[in-house]
Amino acid sequence: MVEEMLRPGLEGVVAAETSLSEVDGQAGRLTIAGYDVAEIAPKARFEEVAFLLWNGHRPTPWETDELSQRLARRREAPRLAYEVLASAKNAASIDALRMAVGLTPVEGSDMENAQNLVGVLPTLVAAHYRLSRGEEPVAPRADLGHVANYLYMLKGEAPEPEAVRAVETYLNAAVDHGLNASTFVARAIVSTGSDLVSAVVGALGSLKGPLHGGAPGPALETVFEIGASERAEAVLRAKLERGERLMGFGHRVYKVRDPRADVLKEEIERLFATAGDRALYELAMDVEKTALRLLEEYKPGRSIRTNVEFNTALLLHGVGLPVSLFTPTFSLGRVVGWTAHAMEQRKANRVIRPQSKYVGPQGLLWT
Ligand code: ACO
């Protein structure tokens, strides 16, 4: 009976009902709480998307202001968190974040805990980034929006509006994506009756893995390795000849297009028209064109398209973020999804408890 049901990786198993997002791989569509990702991500403020996922409806302007102020009041991290970040200044950013976020007090309602976590996460990421460079953390500013304040805390100066919009679109597009590994972990933790801080610590642990949150860095490194458009064909062809995968292309679920890649592409075009490294942008566009042509030649009919990671890398690089901040920055968007899923799980809870099939020995004697 158990054998019949064995599904490694739980592939194809439907383990939750959700109103938060729908991933339609066949149509190449991502819906976020009723809105197509292309409709909501480039237009909404991050605080509005957080409200939408947490409350199930679009906020009024008053509700947006109210939530923005609440999040701004929760930006200050506990003193102990700064001490932990300082002693972990040589650790990977995502590890330091996991350690420090665990110091967030568990208090009040799930919603209050969700707001505490979303409010404080950018402060922790930015503080660790600066400490790792031998710089003092920059205190958060309550008069800036969520995204503008994050960029301000990283660099110590108010960011350009184009950079804020680009990162806001990115975080909105990254906010939720069905029952991915980290979201599943968050739901499993809360399903035992545990709290949202624990859920986010666990989710961060699973996001660290290169099979989940870690691909944009390598995608950008390929562009750097190529270095000049005329080398693109030779370098990429050599990789394919060696049987290597081209980073930033292909997707397990999206076979016709990755809708998030398309949203970010438009943002990148806007961003690089006014800021960022224009030469790198043009090189990346040539690399993309060549990669798509060669993938069609080497893997005909497989429909391998540009994925979200390729454009994420360009966007974050374009606003001046180093590769080490790519995965932690992703978590600043996805933490809204984790907390929204945790609250959704709580409302119709059943402990997440799949079965395993025993394949070990039987009847051994302890002599
Ligand atoms: N470069 C070269 N070949 C590829 C690539 C690629 N990027 N992607 C798929 N292929 C090949 C496979 O090797 C396979 O070849 P084969 O049939 O000759 O053995 C064929 O195309 C079909 O592969 P699929 O089954 O469609 O792809 P799969 O589901 O196995 O892989 C994955 C999806 C893991 C994302 C893959 O495309 C890949 O490794 N891409 C590069 C890494 C990357 O960009 N990861 C980020 C993904 S986006 C995200 O996770 C949010």
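Here is a short tour of this predicted model, from its strands to its core and its ligand.

**Strands at the start**

Let's begin with three strands. Strand β1 covers residues 21-24 and strand β2 covers residues 29-32, and the two pair in the antiparallel sense over four bridges. One bridge to look for joins aspartate 24 to arginine 29 in β2. Together β1 and β2 make a hairpin with four residues between them. In that turn sits glycine 28, with a positive phi of about 70°.

β2 also pairs with strand β3 (residues 35-36), again in the antiparallel sense, this time over two bridges. Here threonine 31 has aspartate 36 in β3 as its bridge partner. This is a hairpin too, with two residues between β2 and β3, and alanine 33 in the turn has a positive phi of about 45°.

**The core and the helices around it**

Next, the inside. The largest nonpolar core has 106 residues, and Trp54, Leu124 and Leu321 touch the most other members. Helix α7 (residues 110-132) gives this core its largest share, 11 residues. If you set aside neighbours within four places in sequence, leucine 124 is in contact with Ala77, Ala81, Leu85, Leu97, Ala100 and Val101.

Leu97, Ala100 and Val101 turn up again among the buried residues of helix α6, along with Ser93, Ile94, Asp95 and Ala96. Why is helix α6 (residues 93-101) described as largely enclosed by the rest of the structure? It's because seven of its nine residues are buried. The cover over those buried residues includes α5 (79-87), α7, α11 (196-207) and α17 (326-347).

**A residue on the outside**

For contrast, try glutamate 230, which is in helix α13 (residues 229-241). Its relative accessibility is 69%, so it counts as exposed, the cut-off being over 50%. Glutamate 230 is 57 residues from valine 287 in sequence, yet their C-alpha atoms are 9.5 Å apart in space.

**Around the ligand**

Finally, the ligand. There are 20 residues around it, and Leu246, Gly248, Phe249, Arg252 and Arg302 come nearest. The table lists some polar contacts with the ligand.

| Residue | Polar atom in the residue | Ligand atom | Distance |
|---|---|---|---|
| Glycine 248 | backbone | oxygen | 2.7 Å |
| Phenylalanine 249 | backbone | nitrogen | 2.8 Å |
| Lysine 299 | side chain | oxygen | 2.9 Å |

How much of the ligand's accessible area does the protein cover? On its own the ligand has 910 Å² of accessible area, and the protein covers 71% of that.

Terms used
Residues numbered from 1 in each chain as written. Predicted model: local features only at pLDDT ≥ 70, side-chain atom pairs only at ≥ 80, totals over all residues. Heavy atoms only, no water. Buried < 20%, exposed > 50% of the residue type's maximum accessible area, 1.4 Å probe, protein only. Pairing = 2+ DSSP bridges. Core = buried A, V, L, I, M, F, W, Y, C linked by side-chain atoms within 4.5 Å. Contact = heavy atoms within 4.5 Å. Near = heavy atom within 4 Å. Polar contact = N/O pair within 3.5 Å; in protein donor to acceptor, adjacent residues only side chain to side chain. Areas by Shrake-Rupley, 256 points an atom, 1.4 Å probe, with all protein chains shown as cover.
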